[in-house]
Every structure is written in C-alpha cells, then in structure tokens.
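Colleague: Could you take me through one part of this model in detail? I would like to hear about the ligand shell and what lies around it.

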Amino acid sequence: MESFFGFTLPGLEKAIGATGKEKYRARQLYRWIYNQGVFDFDGMSNIPKGLRAIFKDMFSTDLLPIKEALTSKDGSKKFAFSAEDGHIIESIVMPEKDRNTLCISTQIGCRMGCRFCVTGRMGFKRNLTVHEIVGQVVAVKEDLKKGSGERITNIVLMGMGEPMDNLDNVMAALDIIRNPLGLDFSYRRITVSSVGLVEGLKTLEPKSAVIAISLNAADDGKRTSIMPINRLYSIGKIMQFVKGFKLPNRARITFEYVLLRGFNDSLDDAKRLAELLTGVKCKINLIPYNESPYIEFKTPEPASVERFQSYLLDRHFTTIIRDSRGRDICGGCGQLGMRYL
Ligand code: SF4
C-alpha cells in the first residue's frame, strides 16, 4: 500500500483514474485529508462506502511515527521520526512572536560535506521520499493541533540534506505543500535553502519558494575550505545564477552566512561580502555558529557579530542575526543528526 502523502494531486487523479473511478475523488480526498485533517476514510461522508473501502486498500494515511520529541527552553520542539528502514528523520518547529517556522529535512545525512555541519559529518545515507518530506509537515501540524493548538506558518527546507540534491522528490513535495487543496502554503512562506546547486535552482519557478543560498564566505578559497562543493559551484557561478533569476515583485534572494570565530567573521570578511552583493536584491541572514563536540569551529564573539552586521547595515543591506533556536536539544543550525551519530 502506498502512502497518501506521496501523491501530488495530478498523480492521485491518475492513480484513481487507473482504477476506473472518477478523478474528482482525488480532490475530495485532498480536502478531507489536508484541509480537514480527517485521516480515516470512514469519516469521509461524501464518498460512497464501497469507494472508501477501495481507497483504504490503496492508500495509507498513517502519520510518520514520532520516535522522540524534545522541547527546548526557548519553546522550539524537535521531532525525530522513524522511517520504515530504521533511519531517523528530523524536523524542528520554532515558535516566534508572529510565526511558527517548521524546518524539515530532505535527505538522511548529506553528501555536501560542509565542514561546520554535523549532518555533513554523517555522510549521505539516502534521499527522503516525497511522503517522508510531506509527512513531516503533516505530522508536526497534527502534533501542534493536539498540543498548543498553534499552526505552522512558515516552512524552511533547511534540515538534514541538500534539497537540490533530491530534486524530483523535493519538487513534488513542494507541489503538495503549496496546493490550495493540499497543505496550502503560499510560496512566500516556504524557503528552500541550498549550497548553490544551480542546475536544480534553475528549475525552480519564481513562485515555487523563496530561495536561500548558504554562502558562508565571500571568496572562493575560504568557501572551498569549508564547503567542498564550491569547487563545482563557485561563488561566480552562484552569482551568475542569482543575477539571472527572475524574482517575483518585491522578492529577494536570501544569503545565509554562518559566522565562525576567527575564520569568516572579520571586518575584511564583511567588506568582501558587501562588495560581492552590491547591486543584488537580497537579504542577509547572519547565523552565529552553534558549537558542537564533533566540529572544531567556535561560536563568534558577540562583538564581532555586531560589528559584522553594522558594517552591512551601514551599506543598506537588510541584515538579520538569526536567533539560534533549540541549542539545548541539538536543533540549532547544523546540529540535526547529532544525537544519532
Ligand atoms: Fe548538507 Fe546543509 Fe550540512 Fe552542508 S550545511 S553538509 S548542505 S546539511
């Protein structure tokens, strides 16, 4: 039996059509399951009983099983889901004043090997399937509904893995997440973070999602030393893509910059970054590094973080210092997977 959460709407119409049943039943199922949160086919009153039994045999609506859920002092909640093959899939929901952002994973491990990232140290195990990507959103949504009653307002694909390295499954998952009959998130509320695999990024439509590029250094030598993928996708290639990408009105590309003490947090680094991004419609997220026993880098001094930000703000770059959330439960940026190493 296949998981319902792996079907895009056209895919579901096709699967139902292939049984000789009306395709519009797919829309009914989408509404019941995603909009109404009814997972039991017997509760779907506008579907004839005989058909409900057929759907029950065709599709599983089981949620991803939660192996562990940990709540941080700052209110973030990290979920470890058990995959069928025994791997662990991690997501973290981070409540803020006016939003609840859910960070989801797209792979088990990652093959990009960024030196500051615990997931990178795990190596690559496998891609997540469409239903495992969408399933994280559905399972967390249900958990919040039963607990605090809060809603997920934003989704970021920044957990374990490089989304553009699992392109087909990520694109199908985004389709389900955005579909108004599906999870119904506006593209403005979905962020896809990438190290800059430009072939994949080029396949994103302007209204697929907000793009965030994990940059972390403004010169190739430094970037290659912490992100080996820079040998293939250099800063020049990334900037060429960014400058050619047709953004929707008023939209901007986000650049993420993890600040590592004594490595890329100097005033000279800030100057190089400002030079690189001059003339680019962008927003910069500065992420003070989260220390980990597995990684040699250190958290930057607060004064360097402030100096770095001020330099960019003075040059009129929208520059935000991203709170590191969930540190005490290993849910901070680059820490997913740490508990399962
Ligand atoms: Fe992979 Fe992202 Fe970690 Fe780099 S930072 S190794 S792309 S998960």
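Modeller: Happy to; I will start with the ligand shell, go on to the core, and end with two loops.

This is a predicted model, where local features need pLDDT of at least 70, side-chain atom pairs count only at pLDDT 80 or more, and totals for chains, interfaces and linings use all residues. Residues are numbered from 1 along each chain as its sequence is written, and side-chain values use heavy atoms, with hydrogens and water left out.

Around the ligand you will find Cys-110, Met-112, Gly-113, Cys-114, Cys-117, Gly-120, Gly-161 and Val-195, where a residue is near a molecule if one of its heavy atoms lies within 4 Å of it. This shell has five nonpolar residues, three polar ones and no charged ones. In that count Ala, Val, Leu, Ile, Met, Phe, Trp, Tyr, Cys and Pro are nonpolar, Asp, Glu, Lys and Arg are charged, and the others, Gly among them, are polar. Cys-114 counts as buried because its relative accessibility is 9%; buried means under 20% relative accessible area, exposed over 50%, and partly exposed in between, with a 1.4 Å probe and protein chains only. The structure holds zero disulfides, a disulfide being a pair of cysteine sulfur atoms within 2.5 Å.

Now to the core. The largest nonpolar core has 103 residues, and Leu-29, Phe-116 and Phe-255 have the most contacts inside it. Such a core is a set of buried Ala, Val, Leu, Ile, Met, Phe, Trp, Tyr and Cys residues joined through side-chain atoms within 4.5 Å. Its largest share, eight residues, comes from helix H5 (residues 130-146); helices (H or I, at least four residues) and strands (E, at least two) are DSSP runs, numbered from the N terminus. Leaving aside residues up to four places away in sequence, Phe-255 touches a set of residues including Ile-213, Leu-215, Met-239 and Cys-282, with contact meaning heavy atoms within 4.5 Å. Cys-282 counts as buried, at 6% relative accessibility.

Finally, the loops. Most residues other than glycine have a negative phi. Asn-216, which is not a glycine, has a positive phi of about 70°. Asn-216 sits in the loop between strand S11 (210-214) and helix H8 (220-226), and counts as buried because its relative accessibility is 0%. Arg-250 also has a positive phi, near 65°, and lies in the loop between helix H9 (235-244) and strand S12 (253-259). Arg-250, however, counts as exposed, at 82% relative accessibility.
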